[in-house]
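Please find below my notes on how the parts of this chain are arranged and how they meet. They are set out as numbered points, to be read beside the model.

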Amino acid sequence: MFARCSFCSKPNTEVDTLVAGPGVFICDGCVQLCVSVIEGKPADVPLIAPWEHDLPLEQVLSNLRPVSAASTQVQDNLAAWVGKARALGGTWSQIGEALGMTRQSAWERFA
Ligand SMILES: [Zn+2]
């Protein structure tokens, strides 16, 4: 297993297609759900962050684990990309510049 859908957490072995984004993935089933949400969306609903909706505590608590898992996957993917850059001969200076941080910060975070 190399990746999980960032939306439903299913591993790549349990979905037909997993589309990669920058450190995140989405499966074919979640794309279908997104399409139906977009098609059924009322035209005048203001866009606000999900945590700004009026939600019960249980629903807020149930969101913590999947958000944390997605965050962990993104951090793991970033570390893998940095490892790939190193394997290709990239210097810590180049990696730091690409990440918008100092060479020292990049080394301390990923070495
Ligand atoms: Zn999914």
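1. The domain bounds used in this note come from an automatic or database domain assignment. On that basis the chain, which is a predicted model, is divided into domain 1, covering 1–47, and domain 2, covering 54–111. The centres of domain 1 and domain 2, taken over C-alpha atoms, are separated by 20 Å, and the contact draws on six residues from domain 1 and four residues from domain 2.

2. As to the extent of this interface, about 430 Å² of area is buried between domain 1 and domain 2, and carbon and sulfur atoms give 44% of that area. On the domain 1 side, the residues that lose the most area to domain 2 are S6, G23 and F25, which together account for 63% of what that side buries. The rule finds zero salt bridges across the interface of domain 1 and domain 2.

3. Which residues does Q73 touch, if those up to four places away in sequence are not counted? They are A3, R4, S6, G23 and F25, and among these S6, G23 and F25 are the residues of domain 1 named above as losing the most area to domain 2. Q73 itself is found in helix α2, and the C-alpha atoms of Q73 and R4 are separated by 8.1 Å, although the two residues are 69 residues apart along the chain. Because its relative accessibility is 13%, and buried means under 20%, Q73 counts as buried.

4. N77 also has its place in helix α2, and, leaving aside neighbours within four places in sequence, N77 is in contact with G23, V24 and F25. G23 and F25 are thus named both among the contacts of N77 and among the contacts of Q73. Is N77 buried or exposed? With a relative accessible area of 14%, N77 is buried, because this value falls under the 20% cut-off.

5. A separate point concerns the surface, where L57, V60, L61 and L64 form a nonpolar patch with about 370 Å² of accessible area together. V60, one of the residues of this patch, lies in helix α2, which comprises residues 57–87. V60 counts as partly exposed because its relative accessibility is 35%, a value in between the 20% bound for buried and the 50% bound for exposed. Helix α2 therefore holds the partly exposed V60 as well as the buried Q73 and the buried N77.

Definitions and conventions. Residues numbered from 1 in each chain as written. Predicted model: local features only at pLDDT ≥ 70, side-chain atom pairs only at ≥ 80, totals over all residues. Heavy atoms only, no water. Patch = residues over 30% accessible without salt bridge, like charges linked within 9 Å, V, L, I, M, F, W, Y side chains within 5 Å. Areas by Shrake-Rupley, 256 points an atom, 1.4 Å probe, with all protein chains shown as cover. Salt bridge = Lys/Arg side-chain N within 4 Å of Asp/Glu carboxyl O. Helix = DSSP H or I, 4+ residues; strand = E, 2+ residues; numbered from the N terminus. Buried < 20%, exposed > 50% of the residue type's maximum accessible area, 1.4 Å probe, protein only. Contact = heavy atoms within 4.5 Å. Buried area = accessible area lost by both parts, 1.4 Å probe.
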